[in-house]
Amino acid sequence: MSLVDELKSAVTPRAALLVVGVLALQLLFIASYVGALHNPKPADVPFGVVAPPQVSATLVGELEKLPGDPLDPRPVAGAEEARDKIMNREIDGALIVDPAGRTDTLLVASGGGTVLSSALEKIVTRVEETQRREVRTVDVAPASRQDFDGLSAFYLVVGWCVGGYICAAILAISAGSRPANRERAIIRLGVLALYSVLGGLGGAVIVGPILGALPGSVAALWGLGTLVVFAVGAATLALQSVFGIVGIGLAILLVVVLGNPSAGGAFPAPMLPPFWKAIGPALPPGAGTWAARSIAYFKGNDMTASMLVLSAWAVVGAAVTLVLSSLRRKPEGEPIAAELDETAR
């Protein structure tokens, strides 16, 4: 057998295409992570200003003109309202001006991201220095001492997402990426649901009672984890139903390549470039990280949008899997090896 024949036998056309796909994923991974995280800087951070009317308008105007537009300032009626807006995640910080003294108060919430809180402190300190004023910082939603840089919620959600698509991939590899019939699809979704419940509980217990990394309700984190795992797994099953084994790569593209760097983990959304800032809330890692931080540090506030996003991924993924399986009525599954052989012919 010639070298060319050996090569054709060792590497089928399908395998060659999959290798090319893996190379593309690798390069996209590098481009996405480095593109999102190589030069973080705050942009249009929602920011409140509490001051007498004549001072507030001037200060808001000055903050709006800062180079690079790091802040999106707006007047707030009082200190308590500023705290409420931060806890409701409407703004990320607020400056409370003391008209009777020369020391103002900066409110931040490191539970939403310590890097962002530090950036706000530096920006406001520079502004105050130009006015020969001082600033003291008050953290109204501090990150846990066991939650370094506020990253535990992000890593928790990443773990849940990884479990979701790996579980779906294993179900595909075991007996064919495209469910042969509705019954098989229902079984796969049922196994995924059980796995999601266990995975959600395990993650919540590890970061809560065992490690003490995140405060907040273990039950609420359990529910969130169950939804995150099922949403990612169902989406992966749906992509496999449409594209076969290639669907696993597409799931990795959505969840890992695009979803993780845009999730607001290492750097919260206001510090990400526009593209990643825009897509993050619509993908499971971003929606899950926002919700996990809300549970841990913000009394569960402002979770509706994130929960709707995760629910949409779960419902649409399950529906597509069931619909496409109903269109296939084969007594046997479609083993991965058979898919490769059929394409190679």
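Let me start with leucine 224, which, once its neighbours within four places in sequence are set aside, is in contact with Trp160, Gly288, Ala291, Ala292, Ile295, Met307 and Leu310. I should say at once that what we are looking at is a predicted model.

Leucine 224 also appears in the largest nonpolar core, a set of 51 residues in which Ile86, Leu107, Trp160, Leu214, Leu221, Leu224 and Val228 touch the most other members. The elements that give two or more residues to this core are α4 (79-87), β3 (93-96), α6 (152-175), α7 (182-210), α8, α9 (246-259), α11 (284-297) and α12 (304-326), and of these α8 gives the most, with 10 residues. Apart from this core lies another one, of 24 residues, which includes Leu95, Leu120, Val124 and Val127.

Now to glycine 225, whose place is in helix α8, residues 218-243. Is glycine 225 buried or exposed? Its relative accessible area is 0%, and therefore glycine 225 is buried. Leaving out neighbours within four places in sequence, we find glycine 225 in contact with Trp160, Ser196 and Gly200. There is also alanine 204, which is 21 residues from glycine 225 in sequence, while in space the two lie 7.4 Å apart, C-alpha to C-alpha.

Finally, a word on the cysteines. Cysteine 161 has a relative accessibility of 1%, so it counts as buried, and cysteine 167, at 11%, counts as buried too, the cut-off being under 20%. A disulfide is a covalent bond between the sulfur atoms of two cysteines; how many disulfides does the count come to? With sulfur atoms required to be within 2.5 Å, the count comes to 0 disulfides.

Definitions and conventions:
Residues numbered from 1 in each chain as written. Predicted model: local features only at pLDDT ≥ 70, side-chain atom pairs only at ≥ 80, totals over all residues. Heavy atoms only, no water. Helix = DSSP H or I, 4+ residues; strand = E, 2+ residues; numbered from the N terminus. Buried < 20%, exposed > 50% of the residue type's maximum accessible area, 1.4 Å probe, protein only. Contact = heavy atoms within 4.5 Å. Core = buried A, V, L, I, M, F, W, Y, C linked by side-chain atoms within 4.5 Å.
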